[in-house]
Amino acid sequence: MARPKKNFSLKNIHEQSGLAKSVLEPRPKISITQVTNIAADAKAVLEAVRQVMLEPFPRKLPPELTVNQVADLCEMTKSEFRSAEISIDSTRGTIKEGDNFKSYTLEETIELIGLIGKLPPLPIKKQGKVIAIASYKGGVGKTTISVSLAQALTLRGLKVLFIDLDPQGSATTLFGISPEIEVQYQETIMPFIYQDEPDLKYAVQSTYWHNLDLIPASSEVLGAEYVLPAQASLEGYEFWDQLNRGIKPLREQYDAIVLDTSPSLGYLTQNAMAVADGILTPCPLEALDFASLTQFFGVFTEISSLLPGYFEKKQFDFMGVVINKAKLERDDFTTGNIIKSWIKNSFKEYLWDVIIPDSKIPKDSTSQLKTVYDLSYD
């Protein structure tokens with residue numbers, strides 16, 4: 001059978017992108033001073049964008065929810081929700097001028113979910129569970145999923161702490177805080193990493209989201225990748241257990257502690273994996289992302305086996321691979337569905353049924369420095 005004729009060539013691709021031509025083009029040398037200026041300019045532009053996106057300046061406000069949204073979160077129809085409200089004599093919600101229906105504050109929504117929602121009952125209060133969102137590769141949606149998960153857990157009635165362990169501070173940005181401008185060294189995990197603080201309680205701060213607190217990050221957190229191995233030479237010091245010691249007293253105060261890690265298996269991510277009760281790893285339906293996910297588990301297993309006593313004793317409550325940015329495809333032989341079969345064959349029961357589609361909503365939210373819960377839609 002003759003191969004189908006292609007209407008492009010590799011040369012055409014390079015010419016159209018202009019990338020190869022640009023790489024080979026002679027250019028003046030660039031000094032570190034110039035790179036510093038580039039960084040300063042980019043930082044100024046990002047802050048200008050942030051000021052426009054975050055309303056009201058300079059902090060985010062929690063969303064107000066419609067009747068439909070609150071009913072949906074309670075897992076009820078609108079009529080069921082109204083009847084349930086009447087049954088408890090609720091006075092929550094207000095009708096604003098020009099509106100025909102009530103709107104609810106985030107705090108009112110969480111209260112109503114707890115009072116009349118059809119959600120399964122929460123487990124008996126024990127020590128808070130630590131959930132690490134980890135990946136070996138950037139761009140898989142790790143940070144978006146971690147912040148959205150933390151917010152979703154509060155909507156289930158849980159009190160949640162979010163710890164940003166990524167020096168890029170992308171999660172901190174989604175909370176309405178500029179990592180490089182507003183986050184000081186003493187507000188990050190670093191004083192604890194340097195052992196100037198006994199635990200991480202000093203760094204906890206409230207956020208715009210009810211029942212969701214934050215330990216923010218900035219580029220200062222990158223220092224942990226140098227401090228932890230340097231301290232590893234100290235007698236009796238277990239570098240992989242440092243974060244566990246910092247989080248331990250916070251388990252009494254929170255139902256869940258969500259960790260957003262950097263896209264690596266560096267010393268800080270190893271700490272996150274060691275302290276975690278559960279691990280989630282997002283994976284888009286791309287061949288490179290699948291390959292990276294496979295490497296991630298392989299390298300993690302190798303590292304764990306080198307930590308004295310860890311590999312033998314550690315048990316996770318759960319470990320889940322979550323397909324993210326999935327395009328809805330009916331044909332079983334499309335690239336996405338083929339890669340999905342690879343993931344399923346590789347991770348079997350650890351591939352969760354939850355599939356996050358590639359939709360307009362998450363794209364809109366991140367482009368506005370918001371989460372999916374911040375957007376105004378019904």
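**Exercise 1.** Is Cys74 buried or exposed?

*Solution.* Keep in mind that we're working with a predicted model. Start with the number: Cys74 has a relative accessible area of 0%. Next, bring in the cut-off, where buried means under 20%. Cys74 is therefore buried.

**Exercise 2.** Now classify Cys283 and find how many disulfides the structure holds.

*Solution.* Take the accessibility first: Cys283 comes out at 1%. That falls under the 20% cut-off, so Cys283 counts as buried too. Then turn to the sulfur atoms. A disulfide is a covalent bond between the sulfur atoms of two cysteines. The test here asks for a pair of cysteine sulfur atoms within 2.5 Å, and the count for this structure is 0.

**Exercise 3.** Locate Ile30, decide whether Ile30 is buried or exposed, and say which patch Ile30 helps to make.

*Solution.* Begin with the position: Ile30 sits in the loop between helix H2 (19-24) and helix H3 (32-53). Now check the area. The relative accessible area of Ile30 is 61%, and exposed means over 50%, so Ile30 is exposed. Last, look at the partners: Ile30 joins Ile32 and Val35 in a nonpolar surface patch of about 330 Å².

**Exercise 4.** Zoom out and describe the chain as a whole.

*Solution.* Go through the secondary structure first: 17 helices and 10 strands. Then the burial: of the 378 residues in the chain, 42% are buried. For the surface, the accessible total is about 21,500 Å², with 57% of that belonging to carbon and sulfur atoms. Finish with the contacts: among those between residues at least 6 apart in sequence, 75% join residues at least 24 apart.

Methods
Residues are numbered from 1 along each chain as its sequence is written. This is a predicted model: local features need pLDDT of at least 70, side-chain atom pairs count only at pLDDT 80 or more; totals for chains, interfaces and linings use all residues. Side-chain values use heavy atoms; hydrogens and water are left out. Patches are made of residues with over 30% relative accessible area and no salt bridge: like charges are joined within 9 Å, nonpolar side chains (Val, Leu, Ile, Met, Phe, Trp, Tyr) within 5 Å. Accessible areas come from the Shrake-Rupley method with a 1.4 Å probe; for residues, only the protein chains shown count as cover. A salt bridge is a side-chain nitrogen of Lys or Arg within 4 Å of a carboxyl oxygen of Asp or Glu. Helices (H or I, at least four residues) and strands (E, at least two) are DSSP runs, numbered from the N terminus. Buried means under 20% relative accessible area, exposed over 50%, partly exposed in between (1.4 Å probe, protein chains only). Contact means heavy atoms within 4.5 Å.
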